[in-house]
Amino acid sequence: MSVIPCVDFYGNKITRLILGDNPFNGHSYIPDIHNDDEMLDYYTAEKCVKALFEAEENGINTYMALASPFILRIIRQYRNEGGKMNVMFQSYPPIDFEVNINQMMAYDPIAIYHQGGTLDYMFETNQTDEIYKRLELIRSSGAAAGIGTHVPETVLQAEHEKWDIDFYMLCLYNARKTQRGQQSGFITGKSKQLIFYPGDRFEMFEAIKKVQKPCIAFKIFAGGQMFQDKPESEISGIAENAIKETFDNIKPNDMICVGVFQKEKNQIKENADIVKKIL
């Protein structure tokens with residue numbers, strides 16, 4: 001049986017495909033196909049737990065979770081029912097950062113990263129001292145510490161200045177191009193009306209290649225936008241090409257993180273099968 005290859009991530013064996021959870025939280029970047037409300041209506045607690053078990057059954061051993069009250073409750077239910085996947089956390093901006101770290105630690109995470117949109121905003125508004133304080137809080141938790149960003153230059157500056165982090169969570173599309181100086185939608189409550197530009201991918205790939213620390217690439221499919229206006233018969237091939245292109249342009253110790261919307265087909269199995277085939 002084919003398996004998803006793993007990397008050694010600070011003493012933990014992590015599959016190079018990680019499950020993301022934007023759709024669990026109703027975060028859609030393709031509102032004309034599936035909007036936020038459709039995702040929220042579909043992803044009840046039971047269906048989120050079912051998706052976690054589906055990922056586990058298809059060989060994915062790590063879940064990248066937003067540390068929101070809803071998702072924390074999902075993880076609890078999943079584990080109470082015997083779920084075994086590792087958990088990495090993304091901070092949840094509406095909750096006080098230190099309080100949120102303490103909430104995460106009840107679930108024994110192997111890694112925590114500072115949410116990307118809020119970190120980008122802080123970086124753009126010269127709040128680096130506050131960023132350092134927050135990274136110290138993650139470091140003191142004992143979990144691997146990381147940052148998320150949409151901006152290749154931020155990665156390179158963090159490396160140059162030797163920020164105290166272990167890994168990067170990196171968006172292949174620079175959402176800050178049109179959002180610079182604006183707060184994250186987590187804070188403002190505004191919906192995500194973003195267009196992702198194909199050329200951004202290779203700018204982030206170049207940044208990934210220049211850093212030695214492990215990177216987790218996300219928005220592999222441009223939040224689903226690369227499937228827009230494409231016939232269903234072409235979707236699987238487009239997904240395979242995007243995943244292959246990503247693995248061809250990241251380091252051997254890097255991973256990808258992909259969210260899924262299971263309503264119309266088993267995207268988890270499809271993604272896992274593609275990664276097994278490619279790797």
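Is Tyr-42 buried or exposed? In this predicted model, Tyr-42 has a relative accessible area of 17% and is therefore buried, the cut-off for that class being under 20%. Tyr-43, the residue that follows, is likewise buried, with a relative accessible area of 3%. The structure holds 13 aromatic pairs. Tyr-42 and Tyr-43 form an aromatic pair with edge-to-face geometry, the ring centres lying 5.0 Å apart and the planes meeting at 70°. Both tyrosines also belong to a cluster in which ring pairs link Phe-24, Tyr-42, Tyr-43, Tyr-63 and Phe-261.

At the level of the whole chain, the protein comprises 11 helices and 10 strands. Its radius of gyration is 17 Å, close to the 19 Å that the globule rule gives for 279 residues, so the protein is as compact as a globular protein of that length. Along the principal axes, the C-alpha atoms fill a box of roughly 50 × 45 × 35 Å. Of the 279 residues, 56% count as buried. Among contacts with a separation of 6 or more, 72% are made by residues 24 or more positions apart. The exposed area of the protein is about 12500 Å², of which carbon and sulfur atoms supply 48%. The protein carries 30 positive and 38 negative charges, and the mean positions of the two sets are 2 Å apart.

The segment around strand S9 (215-218) was examined in further detail. Pro-214 is located in the loop between helix H9 (200-210) and S9. With a relative accessibility of 10%, Pro-214 counts as buried. Apart from neighbours within four places in sequence, Pro-214 is in contact with Phe-9, Tyr-10, Asp-166, Phe-167, Tyr-168, Asn-253, Asp-254 and Met-255. Pro-214 and Lys-269 are separated by 55 residues in sequence, and their C-alpha atoms by 25 Å in space.

On the other side of the strand, the loop between S9 and helix H10 (232-248) contains Phe-227, as well as Lys-219, Ala-222 and Gln-225. Two of these residues are notable for their backbone conformation. Most residues other than glycine have a negative phi. Lys-219, although not a glycine, has a positive phi of about 60°, and Ala-222, also not a glycine, has a positive phi of about 55°. Lys-219 is buried at a relative accessible area of 12%, and Ala-222 is buried at 4%.

Gln-225 and Phe-227 have their own sets of contacts. Gln-225 counts as buried, with a relative accessibility of 14%. When neighbours within four places in sequence are left aside, Gln-225 is in contact with Tyr-29, Ile-30, Leu-194, Ile-195 and Phe-196. Phe-227 has a relative accessibility of 18% and counts as buried because this value lies under the 20% cut-off. Residues up to four places away in sequence not being counted, Phe-227 touches Phe-221, Ile-235, Ile-238 and Ala-239. The C-alpha atoms of Phe-227 and Asp-36 are separated by 17 Å, with the two residues 191 positions apart along the chain.

Conventions. Residues numbered from 1 in each chain as written. Predicted model: local features only at pLDDT ≥ 70, side-chain atom pairs only at ≥ 80, totals over all residues. Heavy atoms only, no water. Phe/Tyr/Trp six-rings, centres within 6.5 Å; stacked < 30°, edge-to-face > 60°. Buried < 20%, exposed > 50% of the residue type's maximum accessible area, 1.4 Å probe, protein only. Helix = DSSP H or I, 4+ residues; strand = E, 2+ residues; numbered from the N terminus. Rg over C-alpha atoms; globule rule 2.2 N^0.38 Å. Contact = heavy atoms within 4.5 Å. Areas by Shrake-Rupley, 256 points an atom, 1.4 Å probe, with all protein chains shown as cover. Lys, Arg positive; Asp, Glu negative; His and termini not counted. Charge placed at Lys NZ, Arg CZ, Asp CG, Glu CD.
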